[in-house]
Amino acid sequence: MRLDKYLKVSRIIKRRTVANDACDAEHVTVNGRQAKASYDVKEGDIIEVSFGQRKLKVRVLDVREYTAKSDAASLYEVIE
């Protein structure tokens with residue numbers, strides 16, 4: 001699954017266009033490297049997203065095309 005879609009499906013970022021813009025602005029890294037929106041997310045990847053001064057670091061536990069809002073948090077585990 002594309003990185004921008006994963007960020008939206010997992011509800012880390014609310015909209016796919018915003019996720020795409022964050023990737024273009026180099027606010028998203030995967031496994032310590034800058035990632036494009038087209039990066040193919042796999043289980044076990046470490047994604048770090050910068051929201052201004054705040055950073056969110058998560059480990060991908062599951063990759064699903066669709067998920068309910070109540071189940072979105074089960075797709076990842078917050079590391080920091």
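How many helices and strands are there in the chain? There are two helices and five strands, where helices (H or I, at least four residues) and strands (E, at least two) are DSSP runs, numbered from the N terminus. Read from the N terminus on, the elements go α-α-β-β-β-β-β. It's worth knowing that this is a predicted model, in which local features need pLDDT of at least 70 and side-chain atom pairs count only at pLDDT 80 or more, while totals for chains, interfaces and linings use all residues. Residues are numbered from 1 along each chain as its sequence is written, and side-chain values use heavy atoms, with hydrogens and water left out.

Next, the overall shape. The C-alpha atoms sit in a box of roughly 30 × 25 × 20 Å, taken along the principal axes. The radius of gyration (taken over C-alpha atoms) can be set against a globule rule of 2.2 Å times the number of residues to the power 0.38. A compact globule of 80 residues would come out near 12 Å, and the chain, at 11 Å, agrees with that. Of the 80 residues, 36% count as buried; buried means under 20% relative accessible area, exposed means over 50%, and partly exposed is in between (1.4 Å probe, protein chains only). About 5,000 Å² of the chain is exposed, and carbon and sulfur atoms supply 47% of that. Such areas come from the Shrake-Rupley method with a 1.4 Å probe, and for residues only the protein chains shown count as cover.

Contacts (heavy atoms within 4.5 Å) also say something about the fold. Among those with a separation of 6 or more, 37% are between residues 24 or more positions apart. As for charge, the chain carries 16 positive and 13 negative side chains, and the centres of the two sets are 4 Å apart. Here Lys and Arg count as positive and Asp and Glu as negative, with His and the chain ends not counted; each charge is placed at NZ of Lys, CZ of Arg, CG of Asp or CD of Glu.

One of those acidic residues, Asp4, belongs to helix α1 (residues 3-9). Is Asp4 buried or exposed? Asp4 is buried, with a relative accessible area of just 2%. Its side chain has polar contacts with Arg2 at 3.1 Å and with Arg16 at 3.4 Å. A polar contact is a pair of N or O atoms within 3.5 Å; within protein, one must be able to donate a hydrogen and the other to accept it, and residues adjacent in sequence count only if both atoms are side-chain atoms. Leaving aside residues up to four places away in sequence, Asp4 touches Arg16, Ala19, Asn20 and Ala37.

Helix α2 (residues 16-24) holds Cys23, which is buried at 5% relative accessible area. With residues up to four places away in sequence set aside, Cys23 touches Leu3, Val28, Ala35, Lys36 and Ala37. Asp24 is also found in helix α2, but Asp24 is exposed, at 57%.

Finally, a couple of loop residues. Most residues other than glycine have a negative phi. Arg11, in the loop between α1 and α2, has a positive phi near 65° and is partly exposed at 30%. Asn31 lies in the loop between β1 (28-30) and β2 (33-34); its phi is positive too, near 55°, and Asn31 counts as partly exposed at 41% relative accessibility.
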